[in-house]
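Me: I should like to learn how to read a protein model step by step. Could you guide me through one?

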Amino acid sequence: MTFFYILLASFIVTAHAYVDVSNLVNTLPFMGGGAVTQRNNSLVLFGGENAVSNYLSDLYLLTQTPSSYTWQTIPQNNPPPGNIYGQATLSGDEDTLLLIGGMTASTAYKYLPMQMYQYSFRNTSWLPWQGNTNLNTTLPTPPNRMRFSATAGPNNKVYICGGAINMNSILADMWVLDSLSMTFTPLPPLNAPRYAHSASLLSNGKLVILGGIVITPTNETRLASMNMISIYDTTSNTWALQATNHDENGLFASPRTMHTAVVTQDDKIILFGGDNGAGQRTKQFLNSISILDTKTWTWSSPSIKGIPPSRRSYAAGGILDKKRLTVAFGSALNTYYSDINLLDMDEMSWLQSFSETRETSYAGLSSGVIAGVTIAAIVLAVIILFLVWRFWSYVRWLIEKVHKDIWKPRTGEPVWAETTRIVFQIFLLFVFTLFLVFVIKQSIDSPNVTQRIKKPASSVNVPDVRFCFDGYTRYSPEDPRSTGVVCQTNTGTSCTRYIQPLNTSIFQPVFADYLGDVTCYLFRTPYDFQLTETSGANNGSHLIFSFYGDQNTTGRIHVSVYPKEMNPNANVYNLPNDNIPRYLSQSDILNWQNKERNDIQATNVYTIEPFAYSALNYDLIDRRYLQSVGWNYVGFLPLTNSTPLITSNFRQEAVNPNYVASGHPDLGILAIVPNTWAILIDREVKMYTLLNALGFVGGIFGLLIAVQTWLFGYRPRSPWGVVQRWSIGDMKRSLLRGLQSKFKTTDSGIPLVHPVHHRFSVSDFRNLEDETESQRVARVEERMQVLEMLFKAYYVDDEVFRSLESANRASGEDKASSSSRPLFPDSEKVSHRLPLDKGIDTPSTPGFSHMFTRQNSGSSSTYSASQQRLHNQNQGLKMPMDSI
């Protein structure tokens, strides 16, 4: 026992409750190696071991209901001593529980008669077997043992096989116990000593021995083979060896010890877990399922879906509802389990809840699915064809519009040039699309980084602090030896009023040192109690806690610090509402309780030895996590969740051997000081967002446009955008009406659309007549005015021109003096006589007459209706060419 307690500090217990039993998480014990038997739809468990004790004496009942499990501690009168590695069976009427063998603190590894105890469910009392202490009995009695098998059979018979008194005394005997008369009868023994095996009774009366460790004739130990098994026939009282068949992969079940074996209604034996029987340093554990079909003696190792239980030995198991296997508790080295696992034997899947939907896997799509998809595709194609036929005019308009926007050959260019430009443009668009996909994927896959933001502050909040006295005897509050905590600040301000005791009957933390009683206190202040860096009328800059208790007791004080909003003690101990929000979810609280019960809580938890000075500093942090929403990939105004955190550091001076002698009435002192006088924010951000990518996208887009312009030349762009070009209906008509009303023309035509003069749209000049000069000038003036207005409205910013006009108006004198000057210098005046042909003089024509001399045109195009009317009016004014 001394050696056990030395190692106890390193023991760890773990819970992996894959079946949702949150209502039991705080009550299920951590244990393994107990005696287990099935009673209707319940497992009855007695004894076992855990991280605190080698020999437990509790009696429990785990019952499966249609939707969950219930857990009950069965009352006991005159309970037997704590027991480990024993076996339990039920009487035929299931009213009496029989505890057989196993080790207790007083019988471990000793040669004694079989130790047995009977428990009556009716009167909740235990009765010891009278032969427990009768060493001189003449009746045949097997020796007490551990790691053996005890299997209940018909007619109140219990078959006891093998086991070990200690590791040097392994047994091969076989006994049958009459549980009514409590007498033993020896049976033919095993062919070799064996322990840590299982014995499963089939419906035909055959007892199948599986696994365990056997002793060879050369006194060597080895794992029992799974391809040749021992079978005891309870009807003929004979042993036989049975060869087994491997599974479809050519494999047998793995040899194992201390596994769980359960018999199904169709006489299949299901094995779970176990270990390789090696020493502590080389022991390996299993969590696999192997099934032996005893009708064909064939092994199978099915592929199990779901989350498997942890690897373990000494698990309790049973089929409580005739269709699902329950596996609970167990241990693996120094790890103990309190979970409950449920295997659906039809689907071969570990379940996490009773309502879990059964999953059915298929190797491929069924014919019905294929037919449905085919019919849906045909129906969709028919709908698309109908819509195209019904709205063909719109489809054709759309096609023509797209073609017009894409196919824009310049006058004089061959077809291959425009075709090459479009192909290359498609290629560049493909390259840009690839880059865009890369940028988006990079944003989605971008890791999150944390930025620390510090906002200097003269005052900071204080954390919640829990103090647990471990090993100090509980005395009445008036006794000076009773535990307690006193608080004050460095300015002498008392803060003891913020300390309250916690009711450990609701929940008690577990500490692996297990020094004795555990008493806990919680320091919890309102928000308005803050520590201040500067001196003055404030609470001070740090807290000082003094601990009190029995100075003659060997104990420890465990200190935990929490942010106020994340303190699970407030929820667990049902503290009154203090207007401090509580952010922890129920699952967070259960997880915290699980760690507390396992003593694996390591963050912000410290242990103080008595008679020493300790110091702890802290930082309260507002941790802002990014929510899992698509908007956060954009990188603008991210959506976050705020979670308060605390970081702390701790140190303790060496224990002062003269602490008590020097007159200290307390157990020690702890100072808690803020580490940083600032409001700390840890903000989580995306390392790369779509907003960051805009610069890259714009740069690549500009580069591709520049490459295209360099290869194929510059193409002027329309001042209209997609909205104007692709408008339809009233929107399109309103645009056209606006142009028509603002840019009216009479006889001049539309610039860049109609030719300047009608003669440029014909190729026969013999019958052309000129209009009068005043008509030509008016038409040119109107055309230039329309052109200026269009340029001003859509192409040119007229700010400089307006500035020039303002400057000219402001310079009135200069404008008056310059009004008498000619518009053009002599060197820039327009010639009054322009040669029409070489050697021929033309009449004197002022103004812009030189712009309207006849020229041969190699092409013809349409011209405006106003030009046509002007041409018709001048038909009577024809002049021969040679008269000009």
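Reply: The following dialogue takes up the whole chain first and then some chosen details. Please keep in mind that this is a predicted model.

Me: How many helices and strands are in the protein chain?

Reply: The protein chain holds 13 helices and 44 strands.

Me: What share of the 884 residues is buried?

Reply: A residue is called buried when its relative accessible area is under 20%. In the protein chain, 41% of the 884 residues are buried. The area that the chain exposes is about 48,600 Å², and carbon and sulfur atoms supply 57% of it.

Me: What percentage of the contacts between residues at least 6 apart in sequence join residues at least 24 apart?

Reply: That portion is 65% in the protein chain.

Me: Let us turn to a sheet. In what order do the strands of the open sheet with β14, β17 and β18 lie, and is the pairing parallel or antiparallel?

Reply: The order is β14-β17-β18, and the pairing is antiparallel. The edge strands are β14 (194-195) and β18 (221-223), each of which pairs on one side only. Between β14 and β17 (residues 213-215) there are two bridges. Within this part of the sheet, Y195 stands opposite I213 in β17.

Me: Which sign does phi have at M182, and where does M182 lie?

Reply: M182 is not a glycine, yet its phi is positive, about 55 degrees. The residue belongs to the loop between β12 (169-178) and β13 (183-187). Because its relative accessibility is 12%, M182 counts as buried.

Me: Where is Y314, and is Y314 buried or exposed?

Reply: Y314 is found in the loop between β24 (298-300) and β25 (316-319). With a relative accessibility of 17%, Y314 counts as buried. Its phi is positive as well, at about 55 degrees, although Y314 is not a glycine.

Me: Finally, I should like to examine a charged residue. Which side chain of opposite charge is nearest to D470, and how far away is it?

Reply: For a salt bridge, the nitrogen of the positive side chain must lie within 4 Å of a carboxyl oxygen. The nearest side chain of opposite charge to D470 is R556, 7.8 Å away, and the buried D470 has no salt bridge. D470 lies in strand β33 (residues 464-470).

Me: With which side chain does the side chain of D470 make a polar contact?

Reply: The partner is the side chain of H558, at 3.3 Å. Beyond four places away in sequence, D470 touches several residues, including F511, Y514, V518 and R556.

How values were computed:
Residues numbered from 1 in each chain as written. Predicted model: local features only at pLDDT ≥ 70, side-chain atom pairs only at ≥ 80, totals over all residues. Heavy atoms only, no water. Helix = DSSP H or I, 4+ residues; strand = E, 2+ residues; numbered from the N terminus. Buried < 20%, exposed > 50% of the residue type's maximum accessible area, 1.4 Å probe, protein only. Contact = heavy atoms within 4.5 Å. Areas by Shrake-Rupley, 256 points an atom, 1.4 Å probe, with all protein chains shown as cover. Pairing = 2+ DSSP bridges. Lys, Arg positive; Asp, Glu negative; His and termini not counted. Polar contact = N/O pair within 3.5 Å; in protein donor to acceptor, adjacent residues only side chain to side chain.
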